[in-house]
Amino acid sequence: MRVVVVGATGHIGTSLVPRLVRAGHDVVAMSRGTREPYAPDDAWASVERVQVDREAEDAAGTFAGRVADLRPDAVVDLVCFTESSAAQLVEGLRGRVGHLVHTGTVWVHGDSTVAPMDEDDDREPYGEYGVQKDAVERLLLEETRRGGLVSTVVHPGHISGPGWPCITPAGNLDPSVWQRLAAGEPLVLPGSGSELLHHVHADDVAALHERALERREDAAGLAFHAVSPQATTSRGLARAAAAWFGREAVLELVTWERFAEVTAPEHVEASRAHLLRSHSCSTRRGREVLGFTPRFSSAETCRQAVRALVDAGELDLGGARP
């Protein structure tokens, strides 16, 4: 199968492209720049590389034609963020391509109301990112129901793993969270500590995309969560992380008001975005429909990410390594 991967050198593509090559597919990797993937792999030597500025070509109305002219059997779109961009792609691929797999986000759910959430549970997305991804999903799945372009949507949780900063137990990217846990120092967490985070390893996200391509008829017109087997509470993730270093987590649970007083504004905003949604997403549909089970737990996903940051010299844990 000839597969075009749009946004191929990002975190998901870094895992997905070599997977597709090893499975025997002919892969075309489209990306905006010349950045190399997060991890080297000999499989990239057999990949056709195409440089494209999607935003500019969407504005000119030429992007979908560029993709279709590559004559793919299937397209994996890892970097579509608006309904208008998705609509252009559908119009250009309809009748010319057999399958479109779109990467969404669990943020289409908005604040959680049940746990775990199924893909079809009631949702009230908010924020530009979640609202637009929800609109894209509705457009694509309705397209499939009408007998048009066969589409599948994959909704990742908090993507992490080697080469990517990891959402911390505080729900943000503040490196001092890991530093405090490694040193056994007190860590301030907002709320009750029972707020949920649902991470996913980038390779598990890639594997689910691959499975959807392999089982097109089963995946047609459906959305699938791409998350670890279980969500974790902020308190539970902090305890697991401290244990990597032979420590016990020393946690101070505070109000959001107090948290804002002692935390940089950008980290407070990220914490609110992640922890107040408090997502726990079911993997039942992926198991039952595609026979897919994620390999990595949330804690192991974060551990690999932190270890990679330390090894790359991007995170100083005072000589400690998880």
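**Close-up 1. Helices H9 and H13 crossing in the predicted model.** Here we look at H9 (residues 234–244) and H13 (residues 298–311), whose axes come within 10 Å and cross at roughly 50°. That angle is neither under 35 degrees nor in the 65 to 115 range, so H9 and H13 are oblique to each other. As for handedness, the H9 and H13 crossing is right-handed.

**Close-up 2. The residues that bring H9 and H13 into contact.** On the H9 side, the contact is made by Leu237, Ala240 and Trp244. H13 answers with Ala299, Cys302, Arg303 and Val306. Sorted by class, the contact of H9 with H13 has six nonpolar residues, one charged residue and no polar ones.

**Close-up 3. The largest nonpolar core.** This core has 30 residues, and Val5, Val17 and Val76 are the ones that touch the most other members. At least two residues each come from strands E1 (2–6), E2 (26–31), E4 (74–77) and E11 (223–226), and likewise from helices H1 (11–22) and H7 (202–214). H7 chips in the most, with six residues.

**Close-up 4. Zooming in on Val17.** Leaving aside residues up to four places away in sequence, Val17 touches Val5, Ala8, Val27, Trp44 and Val47. Val5 turns up again here; like Val17, Val5 is among the residues touching the most other members of the largest nonpolar core.

**Close-up 5. A second nonpolar core.** Separate from the 30-residue core, this one has 29 residues, including Leu189, Ala242, Trp256 and Leu315.

Methods. Residues numbered from 1 in each chain as written. Predicted model: local features only at pLDDT ≥ 70, side-chain atom pairs only at ≥ 80, totals over all residues. Heavy atoms only, no water. Axes fitted to C-alpha atoms, helices over the stretch in contact; angles between N-to-C directions. Helix = DSSP H or I, 4+ residues; strand = E, 2+ residues; numbered from the N terminus. Parallel < 35°, antiparallel > 145°, perpendicular 65-115°, else oblique. Left-handed = near helix turned anticlockwise from the far one by under 90°. Contact = heavy atoms within 4.5 Å. Nonpolar A, V, L, I, M, F, W, Y, C, P; charged D, E, K, R; others polar. Core = buried A, V, L, I, M, F, W, Y, C linked by side-chain atoms within 4.5 Å. Buried < 20%, exposed > 50% of the residue type's maximum accessible area, 1.4 Å probe, protein only.
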